[in-house]
Amino acid sequence: MSISTAAGVFDAIAAGPPEGRPVLLLHGFPQTGLVWRRQITALAAQGYRVVAPDQRGYSPRVRPERPEDYRISILVDDVVAITEALGWSTFDLVGHDWGGAVAWWTAAAHPGRVRTLTVVSTPHPGALADALRTDEDQRARSHYMRDWRETPATEDRMLADDAELLRKLYAGKVPQAGADAYVRHLSRPGALTAALNWYRSGRPDGAIGVIEVPTLYAWSTEDTAFGPAPAQDTGRWVNGPYRFEILPGVSHWIPEEAPETLNRLLLDHLRAHGKHGTTANTSPGNAAERAADRAPDRAAERALDH
C-alpha cells in the first residue's frame with residue numbers, strides 16, 4: 001500500500017481487517033518493512049490491523065538528500081503523519097534497530113497516542129547514552145556508527161563485490177531471500193546513502209524522558225550492536241508497566257531469527273494491555289495462530305520478488 005503524507009508517499013505492507021486494533025511496525029538498518037513479514041502474518045491472523053512502512057529514505061518518494069532531514073524529531077513526525085493518514089488516533093507501536101530508537105522517542109513525545117510500546121534489540125536512548133559514557137564494552141560495540149558517519153566512501157565499500165560487506169551485516173541469520181531483497185532495495189540509486197543519513201543526521205534535538213506507556217523490551221545475548229549494560233539499564237527509563245525479555249543465543253536479527261518467540265511475546269503484550277477490538281480474535285495458542293507463524297504473509301511474499 002501507499003501512505004500519502006505532507007513529507008511524501010511512504011510504501012508499506014499492510015494486513016489484517018481494517019477495523020482491527022492498529023499496530024505500526026518500524027524497521028531498522030539495513031532492512032525494510034519486509035523484516036516484519038512473520039509478525040505481520042501472526043498479528044493479522046489474530047485480527048489486528050498491521051502496517052509496516054518503509055521509513056524515510058527507504059521509501060523512494062520520501063528520500064531527501066540532506067542528512068539533517070533525517071533527525072530523530074523528523075522521524076517521529078513521520079510516525080505521527082503516517083498514523084494520522086491511516087486515521088489512527090491511538091496505536092500499538094513496535095520497532096527494531098533504528099525503528100526501535102524511533103519508537104522510544106515517539107512513545108516519549110506522544111504517550112497519549114501510543115497504546116503500547118514494543119522495542120526489539122534497541123535499548124532506551126538514555127540507557128544507551130549512559131553506557132556510551134561509562135561502559136567500554138558498549139563503546140566498542142558502537143564504534144561502527146562513527147565510521148559510517150565519518151567515511152564518505154561507506155556506500156562504495158558496502159556495495160562493492162555484489163554488496164559483500166552489506167551482506168555480511170546479516171551474519172547469516174537473516175533468511176537468504178530476505179537478505180537478497182534488502183540488498184536489491186539498497187542498491188538502487190540513492191537508497192543506501194539515504195539509509196546511512198540516519199547515522200549522519202547529528203545528535204537529537206533534545207533529551208528523551210522516561211516512558212509512561214506499557215512497554216515490552218526484547219534483547220538477545222548475541223547482539224553485537226547492543227551489550228548487556230544498556231539493555232539491563234533500560235528498565236530504569238520506563239515508569240509504565242515494563243517487561244524485559246532476554247533471548248539467549250539469538251543475534252541482533254530477532255524478528256527473522258526467532259520469529260515464533262517474538263510473536264508470542266508481542267501477542268502476550270498486546271493482549272495484556274487493551275481490548276482486542278475485533279471479532280477475528282481467537283484464543284492464544286490455537287491452530288490459526290500456529291499456522292500464522294509458519295505461513296508467510298502473501299503481501300510480504302510478493303515483496304520478496306520485487
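A residue counts as buried when its relative accessible area is under 20%.

**Figure 1. The whole protein in this predicted model.** By that cut-off, 54% of the 306 residues are buried. The fold brings together 14 helices and eight strands. Take the contacts with a separation of 6 or more: 78% of them join residues 24 or more positions apart. The accessible surface amounts to about 12500 Å², and carbon and sulfur atoms hold 52% of that area.

**Figure 2. Where helix H7 meets helix H8.** Here we zoom in on H7 (residues 154-168) and H8 (residues 176-186), whose axes come within 11 Å and cross at roughly 125°. H7 is therefore oblique to H8, and the crossing is right-handed. On the H7 side, the contact is formed by Leu159, Ala163, Leu166 and Arg167, while H8 offers Gln176, Asp180, Val183 and Leu186. Sorted by character, the residues of this contact are five nonpolar, one polar and two charged.

**Figure 3. Helix H9 and its surroundings.** Next, have a look at H9, which spans residues 191-200. Nine of its ten residues are buried, so the helix is largely enclosed by the rest of the structure. Among the buried ones are Trp198, Tyr199 and Arg200, along with Asn197. Its buried residues pack against H2 (72-85), H3 (98-109) and H6 (143-150), and also against H7 and H8, the pair shown in Figure 2.

**Figure 4. Just after helix H9.** Our last stop is Gly202, which follows H9 and has a positive phi, near 100°.

Notes. Residues are numbered from 1 along each chain as its sequence is written. This is a predicted model: local features need pLDDT of at least 70, side-chain atom pairs count only at pLDDT 80 or more; totals for chains, interfaces and linings use all residues. Side-chain values use heavy atoms; hydrogens and water are left out. Helices (H or I, at least four residues) and strands (E, at least two) are DSSP runs, numbered from the N terminus. Buried means under 20% relative accessible area, exposed over 50%, partly exposed in between (1.4 Å probe, protein chains only). Contact means heavy atoms within 4.5 Å. Accessible areas come from the Shrake-Rupley method with a 1.4 Å probe; for residues, only the protein chains shown count as cover. Axes are lines fitted to C-alpha atoms, for helices over the stretch in contact, and angles run from 0 to 180 degrees between N-to-C directions. Angles under 35 degrees count as roughly parallel, over 145 as roughly antiparallel, 65 to 115 as roughly perpendicular and the rest as oblique. A crossing is left-handed if the near helix is turned anticlockwise from the far one by less than a right angle, and right-handed if clockwise. Ala, Val, Leu, Ile, Met, Phe, Trp, Tyr, Cys and Pro count as nonpolar, Asp, Glu, Lys and Arg as charged, and the others, Gly among them, as polar.
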